[in-house]
2 protein chains.
Amino acid sequence: MADRTQSSGILRPLAAIEAFCRQILTASGADRPTAEAATRAMMHGTCHGIDSHGVRLLAHYVKGLVEGRLNPRPKLTLANSLGAVASLDADNAHGALATYTAMDHATRLAGEFGIGAIAVRNSSHFGPAGAYAIDAAERGFIGFAFCNSDSFVRLHDGAMRFHGTNPIACAVPVKGQNPWLFDMATSAVPYNRVQLYRSLGRELPAGVASDERGYDTRDPQIADMLAPLGGEFGFKGAGLAGIAEILSAVLTGMKLSVDIAPMPGPDFSTPRGLGAFVIALKPGAFLDIDSFDAAMTRYLDTLRNSPAREGFKVMAPGDREWAVAAQRQKAGVELDPVTVESFKALGAAYGINAPV
Amino acid sequence: MADRTQSSGILRPLAAIEAFCRQILTASGADRPTAEAATRAMMHGTCHGIDSHGVRLLAHYVKGLVEGRLNPRPKLTLANSLGAVASLDADNAHGALATYTAMDHATRLAGEFGIGAIAVRNSSHFGPAGAYAIDAAERGFIGFAFCNSDSFVRLHDGAMRFHGTNPIACAVPVKGQNPWLFDMATSAVPYNRVQLYRSLGRELPAGVASDERGYDTRDPQIADMLAPLGGEFGFKGAGLAGIAEILSAVLTGMKLSVDIAPMPGPDFSTPRGLGAFVIALKPGAFLDIDSFDAAMTRYLDTLRNSPAREGFKVMAPGDREWAVAAQRQKAGVELDPVTVESFKALGAAYGINAPV
């Protein structure tokens, strides 16, 4: 969801935005793999309409690279490798480089063993989880990506920020089509939804945020934490967040959400000790690939053609994102005013023309 | 949740109930592995307070074994084995035998390769998904279990029963404690909640069920299908159901939920062609086991001691179930009237004393 509150109406080509991100990251000291991976992950967000995890993060990442939170020239090393799994020490790399690298290893292992999993250590904010799941799907594998993050979400019946928005993403290859693509926060809504409603003076939906005592509120001004997905069945959202937390923090030896330094600082010089976790599966290792392709196609055909509520159409996970991507690839994207200003400032600082 | 509408107040020992289930299954023609596995899965439900998936299913399973839906003497075979994954053809076994066997293979593979996954073919209703996840955790592995089932749940914006309640279960070993145990339906509520509220004449919670046009209703009499988890964010529940569907039906070559014959019949002679999917991970393959144990313990300590809403206490997934189990192991369990009657009828039919 875009968190802009006013519209400029100006559409800018994705290619120009992408080139600017890559140039700025490089100018700020990032090595080539870092600049490529961070740009790719941000462009996944901006291209598919996941603007909260798109190029609005460029200035944030540059600050981290310059001040020391992120290692601009990391040496990633694979450790504890046992058969189909390994740990990847990301040397405080940008989270996109860490996680694309992890998925690369996971798919390699899945190609050999049918499944592969990588626990990522010493990583950092990785942006949109779906970017890594889809990276697997585009190469013919089912991909899962998980991470935890600084605390924003209460537990069921809880009264403190405990888990991060701890996303779970999964993508599945579909022959001749875009992948099935599912990327969810385990909170009821993203935190920037609360911020947006605050600036718009709008009431929040019921059951998505709480005051500091853990009681649901629809007033964005007094909303202090997010609710876990599920409303009165919030133990489900909290349990799903727990899966992401256990895989990403416990199984990696990295920080629990409650121990992670806040993403917006003020400290931008200390690595945050984030973990992440990816899994890849090779469909052809479980049944012949033609049967898999036919079954996946039939599942999606059945789903997309199933009866909907009057005035609605049923969509598969990802369908909305693919439609946005097609539109933006053709017509360009409108950046929010805060991002436009940050691009101007970055362009001026590094002597690079901003696409604004 | 128990779906009893009246209380007898009589507590019966778990051991007597367990022995009765085993004897009845054996008398109905089940071989020893089938009787053991089905009893064990049902007792997981009854012991932990998941009564909808407990021994109330005994009569249902006996009918399936006698009339041919279930193979009482199946020959399970492992196929398509590649490194850390395999398909298991369950020969229309009881789902508990199929899935315990699958988890046995998955943990064996995880022991060797760090992770293992088994796609289960030609299985049947497996009862509580958590039974198989916990089977892994009790042996020191992180376990996941998934299945799909006959359609009860609409899609987001949908107006037909599309997915089953498609559960996702995960269990994680905790040194010196009961495992972390998470077992959720991807629907907002279980279908027997609707049935219970119908018989009690109570209003349903908002956003958990829909009429036949896909519109939310709180009237259990006109509720025709369940909503996916998430209320107005039901695309999340529908996507999670999709993960279970893709792993359990597509990746196994088994039936989509929309194609599965109804669990309650009338046909009890035709195998239903259900799939399931299990994954096991070996924590010690990702980091040293002492660090894992310490991190998991700290995570749970932090969670259980975190601030709660006034009058509440925060619980970890499984805590409620372990408390019920401790109480029932000590005091016995009260069976609902329908189950008591079915036990009497089964006891009379097979000449075995029912514990009622």
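**Notebook: A:Ser210, the sheet of chain A, and the two copies**

I began with A:Ser210 in this predicted model, and, setting aside neighbours within four places in sequence, I listed its contacts as A:Arg154, A:Tyr215, A:Asp216, A:Thr217, A:Ile222, A:Ala223, A:Asp224 and A:Met225. One of these partners, A:Arg154, also makes a polar contact, side chain to side chain, with A:Ser210 at 2.5 Å.

I then looked up where A:Ser210 sits, and found the residue in strand E7 of chain A, which covers residues 209–210. Its relative accessibility is 0%, so I noted A:Ser210 as buried, the cut-off being under 20%.

Next I turned to the sheet of chain A, an open one in which seven strands follow the order E1-E2-E3-E9-E4-E5-E6 with mixed pairing. The edges are formed by strand E1 (77–82) and strand E6 (180–184) of chain A, each of which pairs on one side only. On average, and with direction ignored, neighbouring strands of this sheet are turned by 15 degrees against each other.

Within the sheet I followed strands E4 (residues 142–147) and E5 (residues 168–172) of chain A, which run antiparallel and are joined by four bridges; here A:Gly143 stands opposite A:Ala171. I also noted that helix H8 (residues 289–304) of chain A packs on the sheet, where it touches E4, E5 and E6 of chain A, and that its direction makes about 65 degrees with that of E6(A).

Last, I compared the copies: a turn of 180 degrees with a shift of 0.0 Å along the axis lays chain B on chain A with an RMSD of 0.0 Å, which is the relation of a two-fold axis. In chain B, the C-alpha nearest the axis belongs to B:Gly230, 2.3 Å from it.

Definitions and conventions: Residues are numbered from 1 along each chain as its sequence is written. Chains are lettered from A and ligands numbered from 1 in the order in which they are written. This is a predicted model: local features need pLDDT of at least 70, side-chain atom pairs count only at pLDDT 80 or more; totals for chains, interfaces and linings use all residues. Side-chain values use heavy atoms; hydrogens and water are left out. Copies are superposed by least squares on the C-alpha atoms of residues with pLDDT of at least 70 in both. Helices (H or I, at least four residues) and strands (E, at least two) are DSSP runs, numbered from the N terminus. Buried means under 20% relative accessible area, exposed over 50%, partly exposed in between (1.4 Å probe, protein chains only). A polar contact is a pair of N or O atoms within 3.5 Å; within protein, one must be able to donate a hydrogen and the other to accept it, and residues adjacent in sequence count only if both atoms are side-chain atoms. Contact means heavy atoms within 4.5 Å. Two strands pair if DSSP finds at least two bridges between them. Axes are lines fitted to C-alpha atoms, for helices over the stretch in contact, and angles run from 0 to 180 degrees between N-to-C directions.
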